[in-house]
Amino acid sequence: MAAIRMSEVTVWRWVAAEERRAVLLSGVDWTVERGEHWVVLGPNGAGKTTLLNLAAAFSHPSEGRVEVLGERLGAVDMRKLRESIGTVEPGLARRIRGRYTGYEVVLTGATGSIALLHDRIEDDDRARADRLIGEIGVEPLRERRFEDCSQGERQRLLLARGLMDEPSLLLLDEPTSGLDLPSRERLIASLDTMAEANADLPTVIVTHHLEEIPATTTHALLLRDGTIVAAGPIAEVLTSDAVSTTFDIAVDVAHNAGRWAAMVVRTP
Ligand SMILES: Nc1ncnc2c1ncn2[C@@H]1O[C@H](COP(=O)(O)OP(=O)(O)O)[C@@H](O)[C@H]1O
Ligand SMILES: [Mg+2]
């Protein structure tokens, strides 16, 4: 069973003010298998979040077929399906109560809610939260108020939170956005540790910077204007040509010690 299987997927929205359809995704074929760690790359507005929202069982395709963890969207209780999917999405940090400690933030993931539902938390959950806090390396944040954590610290707590409910699929939408270099590197290190500790867990990370791709990433999908430029094993996909086409700017792609970088060779 694939973790995600999309075939001929199109997503469009009606833009009433302009009396036209906006096509957000078109002709998307994509399969994510167990144990694969994907990065989705593309410029702003390429459709990355739209793609992730389908994989997260947050929305339906307009046309085509989407299966997540073997369940077809449209023929399944989306809420039930979402219990098996861990997500870290932009804006999540803002919705969580600042008074919660790091430990409590992680614990909210046990019930898939942003509030701490004490009567539904069990001893197993507390033990798992402690284990994840160790695994992700956020012990110093355990008793710190969420509102006192830096943006990077919050993202790492949210990563641990996303793993709380023993997900069968983990999706992260721009987890590194807005972080300074050391914070970004600490989060990437946590993502690598997480991937190593959960070797079978399929993951998808959205970003628009090659420099933010964790070394444990196995596959890449390049998205431009709602269509796939290339998708497959990362070393085959991240060529200078394909990345230049995706971002519409000539770049040289470099690969060094598992990490990636794009250098602009000619400004448009
Ligand atoms: N409800 C909507 N109606 C019309 N256009 C939308 C709607 N939601 C998103 N879009 C547009 O679809 C495109 C893709 O959006 P999105 O998936 O958020 O891109 P990304 O995450 O890659 O930046 C963007 O150009 C965005 O403006
Ligand atoms: Mg987005």
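1. Let me start with strand 8, where both faces are covered: Thr203, Ile205 and Thr207 are buried on one side, and Val204 and Val206 are buried on the other. That is five of the five residues in 203–207, so strand 8 is largely enclosed by the rest of the structure. The split between the sides follows the usual rule: side chains in a regular strand alternate between the two faces of the sheet. Keep in mind throughout that this is a predicted model.

2. What does strand 8 pair with? Strand 3 (residues 37–41) runs parallel to strand 8, with five bridges between them. Within that pairing, valine 40 has valine 206 as its bridge partner in strand 8. Strand 7 also runs parallel to strand 8, this time joined by four bridges. There, leucine 172 is matched with isoleucine 205 of strand 8.

3. Elsewhere you'll find an open sheet of four strands, ordered 2-1-4-5, with antiparallel pairing. Strand 2 and strand 5 (71–72) are at the edges with a single partner strand each, so each has one side without a neighbour in the sheet. Strand 1 and strand 2 are antiparallel and are joined by nine bridges. If you want a pair to look at, take methionine 6, whose bridge partner in strand 2 is tryptophan 30.

4. The loop between strand 1 and strand 2 holds glutamate 19, and its backbone deserves a look. Phi there is near 50 degrees, which is positive in a residue that isn't glycine. For context, most residues other than glycine have a negative phi. Is glutamate 19 buried or exposed? It counts as exposed, because it has 7 C-beta neighbours inside 10 Å, and the cut-off for exposed is 12 or fewer.

5. Aspartate 248 is another one to click on. It sits in the loop between helix 9 (240–247) and strand 11 (250–256), and its phi is near 55 degrees, again a positive value in a residue other than glycine. Aspartate 248 has 10 C-beta neighbours inside 10 Å and therefore counts as exposed.

6. Now the ligand. Which residues are around ligand 1? The list is Arg13, Val15, Ala22, Leu24, Gly42, Asn44, Gly45, Ala46, Gly47, Lys48, Thr49 and Thr50. Strand 1 (4–15), strand 2 (20–32) and helix 1 (48–55) each put at least two residues into this shell. Helix 1 has the largest share, with three residues. Sorted by class, the shell has six polar, four nonpolar and two charged residues.

7. On to helix 6 (residues 151–162), starting with a geometry check. Twelve residues at 1.5 Å a residue should span 16 Å, and the end C-alpha atoms are 16 Å apart, which agrees. Eleven of the twelve residues are buried, so helix 6 is largely enclosed by the rest of the structure. The buried ones are Gly152, Glu153, Arg154, Gln155, Arg156, Leu157, Leu158, Leu159, Ala160, Arg161 and Gly162. What do they pack against? The partners are strand 6 (85–88), helix 3 (92–95), helix 4 (102–108), helix 5 (123–136), strand 7 (169–173) and helix 7 (181–197).

8. Glycine 162, which lies in helix 6, is worth zooming in on. It is buried, with 25 other C-beta atoms within 10 Å; the threshold for buried is 20 or more. Setting aside neighbours within four places in sequence, glycine 162 is in contact with Gly86, Thr87, Val88, Gly109, Pro167 and Leu170. As a long-range reference, glycine 162 and arginine 5 are 157 residues apart in sequence and 22 Å apart in space, C-alpha to C-alpha.

9. Last, the domains. The domain assignment splits the chain into domain 1 (1–84 + 168–177 + 197–268) and domain 2 (90–166). Taken over C-alpha atoms, the centres of domain 1 and domain 2 are 26 Å apart. How many residues make the contact? Six residues of domain 1 are in contact with eight of domain 2. On the domain 1 side that touches domain 2, three residues are nonpolar, three are charged and none are polar.

Terms used:
Residues are numbered from 1 along each chain as its sequence is written. Chains are lettered from A and ligands numbered from 1 in the order in which they are written. This is a predicted model: local features need pLDDT of at least 70, side-chain atom pairs count only at pLDDT 80 or more; totals for chains, interfaces and linings use all residues. The expected span of a helix is 1.5 Å times one less than its number of residues. Two residues are in contact if their C-beta atoms, placed from the backbone, lie within 7 Å. A residue is near a molecule or strand if its C-beta atom, placed from the backbone, lies within 6 Å of it. Ala, Val, Leu, Ile, Met, Phe, Trp, Tyr, Cys and Pro count as nonpolar, Asp, Glu, Lys and Arg as charged, and the others, Gly among them, as polar. Two strands pair if DSSP finds at least two bridges between them. Domain bounds come from an automatic or database domain assignment.
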